[in-house]
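Open the model in a viewer and keep the selection panel at hand. The stops below say what to pick and what is found there.

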4 protein chains.
Amino acid sequence: MPLTPDQLAEIEAARAEPQPTLRAVSPGMEAHLYKAVPVLDHGFVRVIDYMGDDAAIVQAARVSYGAGTKKARDDSGLIRYLMRHWHSTPFEMCEVKLHVKLPVFVARQWIRHRTANVNEYSARYSILDREFYIPEPEALAAQSTVNNQGRGAVLEGAEAARVLEMLKADAGRAYDHYEAMLSQDGQQGLARELARMNLPANIYTQWYWKTDLHNLFHFLRLRADAHAQYEIRVYAEAIAAMVKDWVPAAYGAFEDYRMGGVTLSAKGVEVLRRRLAGEAVTQETSGMSKGEWREFEEVFG
Amino acid sequence: MPLTPDQLAEIEAARAEPQPTLRAVSPGMEAHLYKAVPVLDHGFVRVIDYMGDDAAIVQAARVSYGAGTKKARDDSGLIRYLMRHWHSTPFEMCEVKLHVKLPVFVARQWIRHRTANVNEYSARYSILDREFYIPEPEALAAQSTVNNQGRGAVLEGAEAARVLEMLKADAGRAYDHYEAMLSQDGQQGLARELARMNLPANIYTQWYWKTDLHNLFHFLRLRADAHAQYEIRVYAEAIAAMVKDWVPAAYGAFEDYRMGGVTLSAKGVEVLRRRLAGEAVTQETSGMSKGEWREFEEVFG
Amino acid sequence: MPLTPDQLAEIEAARAEPQPTLRAVSPGMEAHLYKAVPVLDHGFVRVIDYMGDDAAIVQAARVSYGAGTKKARDDSGLIRYLMRHWHSTPFEMCEVKLHVKLPVFVARQWIRHRTANVNEYSARYSILDREFYIPEPEALAAQSTVNNQGRGAVLEGAEAARVLEMLKADAGRAYDHYEAMLSQDGQQGLARELARMNLPANIYTQWYWKTDLHNLFHFLRLRADAHAQYEIRVYAEAIAAMVKDWVPAAYGAFEDYRMGGVTLSAKGVEVLRRRLAGEAVTQETSGMSKGEWREFEEVFG
Amino acid sequence: MPLTPDQLAEIEAARAEPQPTLRAVSPGMEAHLYKAVPVLDHGFVRVIDYMGDDAAIVQAARVSYGAGTKKARDDSGLIRYLMRHWHSTPFEMCEVKLHVKLPVFVARQWIRHRTANVNEYSARYSILDREFYIPEPEALAAQSTVNNQGRGAVLEGAEAARVLEMLKADAGRAYDHYEAMLSQDGQQGLARELARMNLPANIYTQWYWKTDLHNLFHFLRLRADAHAQYEIRVYAEAIAAMVKDWVPAAYGAFEDYRMGGVTLSAKGVEVLRRRLAGEAVTQETSGMSKGEWREFEEVFG
């Protein structure tokens with residue numbers, strides 16, 4: 001259970017007193033505000049603040065294109081048009097601020113998305129809690145034999161037990177020693193900025209993370225993807241569910257054009273044209289490498 | 001008068017119906033929402049949306065530093081500490097979206113601030129209005145004789161009149177020809193993306209501009225500065241007045257540490273130490289160039 | 001002719017004395033260094049400096065993936081794999097610095113690409129030259145009747161002549177008055193930062209523009225595209241020709257996966273699967289809007 | 001010793017064959033290229049590539065200001081002027097690419113500098129080496145009693161020994177188990193992307209890191225500062241030494257105006273004026289908080 005009673009009381013308090021505002025309000029997102037969606041064994045994601053809604057995207061687009069667009073298209077059609085034609089700036093007009101608790105090795109992937117603002121808990125300044133990510137049995141997977149950066153089958157019986165035992169014991173011992181090094185009982189106590197180096201990458205950290213909708217979609221496209229590591233994908237999926245309630249029209253367009261979309265190479269377009277014309281194309285006659293051909297066949301058979 | 005009756009009615013409508021929100025609300029900024037502050041002869045700035053307030057800055061800092069900071073400092077003291085020590089990430093947790101109408105030559109300076117989101121009126125897609133910036137007599141200044149990128153005395157009588165006459169006549173003629181080229185009466189009509197090239201840099205454009213508070217402070221420091229061109233400075237000043245109402249504690253720290261602050265070189269520090277110790281230091285004995293010395297003396301006499 | 005004899009002599013001098021370096025060298029790019037490729041009537045693009053080559057992209061990828069990749073793939077195959085899977089960071093390891101002379105209305109589009117470094121000629125500080133873009137007859141196009149931000153047929157006889165006459169006369173007069181306002185003969189002379197506002201958007205400016213290869217590819221995808229305005233497209237094409245000589249393998253992958261590629265929506269994928277299975281799909285049964293269907297048919301018939 | 005014989009041979013080979021180039025060449029930086037400067041117990045920094053030199057900064061500034069500046073100032077004076085007046089864009093015209101081997105907890109601080117390009121060794125894809133940062137005795141410091149994010153005195157005898165023993169034993173055991181989990185001898189073998197979570201933050205990683213000179217100076221100002229954590233400061237110092245050889249004039253200006261410079265608040269300026277006028281100012285009469293006053297006194301006594 002990731003939240004303490006104090007934290008739950010804080011959330012309740014924060015949700016207790018709505019205030020009037022003249023800004024754009026998204027009822028779907030208001031329902032999520034401050035509530036923590038549990039992710040993994042000790043993590044969570046929650047929305048702390050947001051700016052804009054579907055109408056704000058449309059409004060920004062109409063600053064660019066002028067009032068003429070008002071008659072031509074309804075809002076949802078305009079949003080789909082913007083997404084289809086990679087007009088990203090109107091989506092940048094929405095912003096969201098999340099509070100995330102996550103294992104350090106997930107944080108290290110996440111932070112590679114540079115167009116975002118971040119305030120992370122400082123282990124130079126404060127002491128980390130004794131909380132480590134220990135995978136559920138069904139997440140304990142073997143190395144993939146076909147994909148150098150992927151997973152294969154779930155580990156079985158004794159091997160799974162050995163792995164869990166090592167992860168738990170090492171994390172526990174590392175944290176015991178972290179505390180022992182920090183302790184000022186009868187000794188000076190090691191500096192926090194040094195003691196933290198003993199902690200493994202499955203310890204939990206937390207941060208405020210703020211980004212705009214365009215960059216969030218880019219994050220979701222990469223991290224909610226089937227090829228993303230499971231432990232970051234579950235965060236991306238939790239966020240995606242919030243975004244769907246926040247900006248339903250934009251999220252719908254994102255699902256159609258990005259998550260469910262496919263990018264074809266010039267060669268791929270050519271192969272499809274030949275196949276539509278009745279030709280039987282093989283990898284050898286496609287001009288594609290084996291890897292490209294395999295990926296192409298996964299989509300079009 | 002920069003606003004049409006339609007626009008005023010739109011603003012009134014947008015301000016008419018407050019809605020409940022659970023987000024952080026800044027009463028000072030709510031009072032500004034949607035209202036247009038006139039700038040120059042046809043321009044304006046207005047806030048369309050904002051995220052966060054002084055408390056949000058503090059809250060983000062406390063994610064980093066842990067709850068321990070709660071007792072140690074009150075909010076305003078913590079904000080001053082963050083500003084003094086260049087801890088910029090908590091200020092990035094606030095965001096603002098402005099609607100600005102401004103001459104193109106001002107827009108060209110403004111856009112150089114890259115960490116922002118922009119949707120500008122498209123003159124490829126739509127037709128620009130016949131509105132040009134014509135300086136007030138007191139803004140009609142001669143080239144500075146000491147500063148290559150500055151202004152000197154106000155132009156006098158006949159010269160000022162000649163300048164105004166040229167600016168007005170050229171703008172009017174350029175716009176007449178813009179319309180003549182676009183016209184489809186008895187001719188094909190030039191493409192809008194081409195016709196716009198005839199318009200001078202004092203024509204007005206407009207955009208939505210969204211940035212975070214840290215980058216906004218950076219913008220204000222450079223553009224509300226006495227060395228900034230007058231025509232962008234008046235926009236910066238109008239924005240600064242809003243920011244003061246939005247995040248009063250952060251704005252106070254900004255005024256003290258940035259707008260009113262001074263950066264000394266190592267040489268400058270050394271000269272001050274020597275002077276405090278009673279030594280009379282001259283430019284020759286300061287190790288500074290003439291330019292540095294002049295700037296130093298402007299501050300410390 | 002965009003270059004003065006002085007400039008040509010400078011280029012010759014800059015190319016006269018190769019120096020030894022231990023860095024990665026791209027012979028294809030060395031051949032371009034400093035030479036100005038003419039664009040439009042007075043513009044040019046030239047490479048001032050570059051960092052990296054195809055091998056540098058591969059080297060950066062191998063830092064990420066480890067030496068194991070060395071045997072598995074040749075360099076060009078790895079570069080294609082990176083491009084196909086949107087692994088953009090290795091492409092960011094190459095950098096290029098260009099010197100560009102371009103009309104202001106083109107510069108205004110160009111600058112919207114924010115991830116770049118720019119030093120532009122300052123009309124606050126210096127006086128602009130009397131050089132304006134006047135389109136060639138074949139570039140003088142009517143407004144498109146189907147695309148709000150596009151061009152249609154070339155203007156004919158008398159209309160074309162009228163347009164050219166207006167563009168030339170207005171530019172000339174604006175520049176005459178610019179000079180008259182600046183003049184200090186018998187008057188104070190208007191500040192340069194003010195006088196520039198009289199100049200139309202087809203006046204030439206120049207800048208140094210530096211960006212990495214990933215962002216340059218993004219720029220080229222948008223600006224060398226058939227939907228880009230002709231006047232920026234010719235710059236993008238001139239740059240693309242240099243990039244092809246600089247990093248031939250990366251450019252080849254870019255052509256196949258980006259310039260020649262197509263992004264399908266989930267609906268588009270579904271329609272193709274149905275058609276490959278022998279079904280005759282129409283717009284009505286496709287689930288697509290008319291606009292989407294038209295764009296889909298443009299590719300697949 | 002951070003480098004293997006293979007790596008040393010590679011460096012020697014890379015340095016063996018200079019090639020001619022027409023680009024700007026910095027002899028000071030050529031002397032550093034590819035060579036690894038050892039940092040901490042297993043880390044290093046080395047320059048892989050660079051773009052530009054002092055003259056390139058000046059050249060970019062002169063594109064902005066026009067040729068008139070040529071006579072007015074020598075290069076070094078112009079560079080000092082740019083630095084003093086925060087004209088950062090000419091410094092952005094230089095770029096450097098570094099190969100860095102560093103502990104993960106240092107990498108986590110470093111990556112917060114967002115305006116850079118990074119390719120990091122992937123522990124999803126490859127297996128990390130058994131190399132951990134174990135501090136030298138003189139770096140094994142107690143928590144500071146005055147600064148929540150700083151160090152105090154060096155740890156003494158038995159305590160230091162206990163800390164080192166814990167760090168070494170935990171790292172060794174964590175790596176043994178990492179290998180045991182990965183092993184495919186008689187078991188499936190855990191996925192690399194999961195096994196890595198058992199490794200502590202003092203394990204070494206490596207990356208290519210590329211940034212421009214302006215952002216590098218910002219990094220150096222924060223990370224070569226006395227308040228930075230020792231383990232990142234030694235990297236910053238190693239880089240600073242290279243930059244000094246690369247762009248000596250820019251580095252000199254950076255030392256004077258940034259590293260050795262001091263930012264005064266409006267209150268600080270006022271106090272200095274009063275003291276220069278002979279007044280004895282105390283914290284109570286200064287208007288400063290205790291913290292501000294202490295920092296002020298550290299500089300001016």
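Select A:T21 and B:Q19: B:Q19, in β1(B), is the bridge partner of A:T21. Strands here are DSSP runs of E with at least two residues, helices are runs of H or I with at least four, and both are numbered from the N terminus. Extend the selection to residues 19-21 of chain A, which form strand β1, and to β1(B); the two strands pair in the antiparallel sense over three bridges. Pairing of two strands requires at least two bridges found by DSSP.

This is a predicted model, in which local features need pLDDT of at least 70 and side-chain atom pairs count only at pLDDT 80 or more, while totals for chains, interfaces and linings use all residues. Residues are numbered from 1 along each chain as its sequence is written, and chains are lettered from A and ligands numbered from 1 in the order in which they are written.

**Chains A and B**

Now show chains A and B whole. Chain B superposes on chain A by a rotation of 180 degrees with 0.0 Å of shift along its axis, at an RMSD of 0.0 Å. The two copies are thus related as by a two-fold rotation axis. To find the axis from chain B, pick B:P20, whose C-alpha is the nearest to it in that chain, at 2.2 Å. The fit is by least squares on the C-alpha atoms of residues with pLDDT of at least 70 in both copies. The same surface serves both copies, since 100% of the contact residues of chain B recur in chain A.

Next, select the interface: 43 residues of chain B are in contact with 43 residues of chain A. A contact means that the C-beta atoms of two residues, placed from the backbone, lie within 7 Å. On the side of chain B that touches chain A, the elements giving two or more residues are α1 (5-16), β1 (19-21), β3 (43-51), α3 (54-65), β4 (95-103), β5 (117-120) and β8 (204-212) of chain B. Highlight α3(B), which supplies the largest share of that side, six residues. Coloured by class, the side of chain B that touches chain A shows 21 nonpolar, twelve polar and ten charged residues. Nonpolar covers Ala, Val, Leu, Ile, Met, Phe, Trp, Tyr, Cys and Pro; charged covers Asp, Glu, Lys and Arg; the others, Gly among them, count as polar.

**Chains C and D**

Hide that pair and show chains C and D. A turn of 180 degrees and a shift of 0.0 Å along the axis lay chain C on chain D with an RMSD of 0.0 Å. In chain C, the C-alpha nearest the axis belongs to C:P20, 2.2 Å from it. Select C:P20 again with D:P20, which stands opposite it in β1(D). β1(C) and strand β1 (residues 19-21) of chain D pair in the antiparallel sense over three bridges.

In this interface, 43 residues of chain C are in contact with 43 residues of chain D. α3(C) gives the most to the side of chain C that touches chain D, with six residues.

**A loop in chain C**

Which loop holds C:L199? Look between α8 (192-195) and β8 (204-212) of chain C. C:L199 counts as buried because it has 24 C-beta neighbours inside 10 Å. Buried means 20 or more other C-beta atoms within 10 Å of the residue's own, exposed means 12 or fewer, and partly exposed lies in between, with C-beta atoms placed from the backbone. Leaving out residues up to four places away in sequence, C:L199 touches B:P200, B:A201, C:L128, C:A174, C:Y175 and C:Y178. Add C:H218 and draw a C-alpha to C-alpha distance from C:L199: the two are 19 residues apart in sequence and 31 Å apart in space.

**Core and two loops of chain B**

Select Tyr235 in each chain. The largest nonpolar core has 346 residues, and those with the most contacts inside it are A:Y235, B:Y235, C:Y235 and D:Y235. Such a core is a set of buried Ala, Val, Leu, Ile, Met, Phe, Trp, Tyr and Cys residues joined through C-beta atoms within 7 Å. Not counting residues up to four places away in sequence, B:Y235 touches B:V39, B:V45, B:V100, B:L102 and B:V106.

Move to B:L40, in the loop between β2 (37-39) and β3 of chain B. Its phi is near 55 degrees, a positive value in a residue other than glycine. Is B:L40 buried or exposed? B:L40 is buried, with 22 other C-beta atoms within 10 Å.

End at B:W86, in the loop between α5 (75-84) and β4 of chain B. Phi of B:W86 is also positive, near 55 degrees. B:W86 counts as exposed, with 12 C-beta neighbours inside 10 Å.
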